[in-house]
Each structure stands twice: as C-alpha cells, then as structure tokens.
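Work through the exercises below with the sequence and the coordinates at hand. Each task is followed by a solution in steps.

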Amino acid sequence: MGKFEIKEGKTGFVFNLKAKNGEIIATSEVYTTKDACENGVKSVINNAPVANLEDQTIEGFEEAKHPKFEVYTDKAGEFRFRLKAKNGENICRSEGYKAKASCINGIESVRKNAEDSEIVYVEAE
C-alpha cells in the first residue's frame, strides 16, 4: 500500500503519491490551501483507476476523453505522464523516465496505489 504525503511549502500545499517502497510516483500541482490539496488527493483516488491513456509520443495520436493520463516527452527527451481530471485540470505529474515502458509502469503504479493509500501530513523541511 502506498501513501499520499501532503506538505506545506513556501508557495502552498503539495502532495506526493509514494509507492510501498517509498519512491515518489506522482507529484501534485501547488495548491493555495490544505483543503484544495486534499481535494486533489481525492481527485487522484477517483480518476486514476478509470482514466484513459493518451500516448502523445505517437505521431497522429488519438485524443482520449478526460479523465486521462497523458504520456509525453519533455525537453530533455524523457518520458513523463500527467493525470488530468474530468474537467481537464492537471492533478499530478511524474518524474522523467528514460524508457516509455517505465513511464507506463509508473501510470499503472499510480492506478494501483491511489485507491488504498493512506493520507499523511508531513512537516516542511
């Protein structure tokens, strides 16, 4: 079972979804309030298991309906994903992966870990 860690930073609140091994598999956008951040966590829990997959690394890719995971390449050529809610808003994003297969595995880890993860609050460092 993974966990969502909510932390307050200088500019607002963020959450990280961590796998059972402690690795961060997804990071949120910055939220202005703790309540908004908690709603972001709930959005991952509700959307990740049912989200479609849109692979933007394929030429002429077909646009998927929201909610969806978007797989794309960043400026450094690494594969990343972002989860978008039913309203099209970004909920969370991944780190960069060297291989697309690893990125897809990250999406599956979010799907698996989101549903049963506990929510914990951590102090800013």
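**Exercise 1.** Which residue of β2 does I6 stand opposite? Place the two residues in their strands.

Solution. In this predicted model, I6 faces F15 of β2. The strands concerned are β1, residues 3–8, and β2, residues 13–18. Their pairing is antiparallel and runs over six bridges.

**Exercise 2.** Give the strand order of the sheet, and find why one side of β4 and of β8 is left without a neighbour.

Solution. Step one: the sheet is open, has eight strands and reads β4-β5-β6-β7-β3-β2-β1-β8, with mixed pairing. Step two: β4 (52–55) and β8 (118–122) are at the edges; each has a single partner strand, so one side of each lacks a neighbour in the sheet. Step three: from one strand to the next, the twist averages 25 degrees.

**Exercise 3.** Identify the strands that helix α1 lies across, and give its angle to β2.

Solution. Helix α1 spans residues 34–47. It lies across β1, β2, β6 (79–84), β7 (90–93) and β8. Relative to β2, helix α1 runs at about 30 degrees.

**Exercise 4.** Analyse the salt bridge between K18 and E5. Are the two residues buried or exposed?

Solution. Step one: the N to O distance between the side chains of K18 and E5 is 3.2 Å. Step two: K18 belongs to strand β2 and E5 to strand β1, so the salt bridge ties together parts 13 residues apart in sequence. Step three: the cut-off for buried is under 20% relative accessible area. K18, at 18%, is therefore buried, and E5 is buried at 13%.

**Exercise 5.** Describe the salt bridge of R93 with E29, and classify both residues by accessibility.

Solution. Step one: the closest N and O atoms of R93 and E29 are 3.6 Å apart. Step two: R93 is in strand β7, while E29 is in the loop between β3 (24–28) and α1; the pair links distant parts of the chain, 64 residues apart. Step three: R93 has a relative accessibility of 34% and counts as partly exposed. E29 is partly exposed too, at 28%.

**Exercise 6.** How many salt bridges does the structure hold? Examine the one between D74 and R80, then name the residues joined into one network.

Solution. The structure holds 11 salt bridges. In one of them, the side chains of D74 and R80 meet at 2.7 Å, N to O. D74 is buried at 18% relative accessibility, whereas R80 is partly exposed at 23%. Through salt bridges that share partners, E54, K68, E70, R82 and K84 form one network.

How values were computed: Residues numbered from 1 in each chain as written. Predicted model: local features only at pLDDT ≥ 70, side-chain atom pairs only at ≥ 80, totals over all residues. Heavy atoms only, no water. Pairing = 2+ DSSP bridges. Helix = DSSP H or I, 4+ residues; strand = E, 2+ residues; numbered from the N terminus. Axes fitted to C-alpha atoms, helices over the stretch in contact; angles between N-to-C directions. Contact = heavy atoms within 4.5 Å. Salt bridge = Lys/Arg side-chain N within 4 Å of Asp/Glu carboxyl O. Buried < 20%, exposed > 50% of the residue type's maximum accessible area, 1.4 Å probe, protein only.
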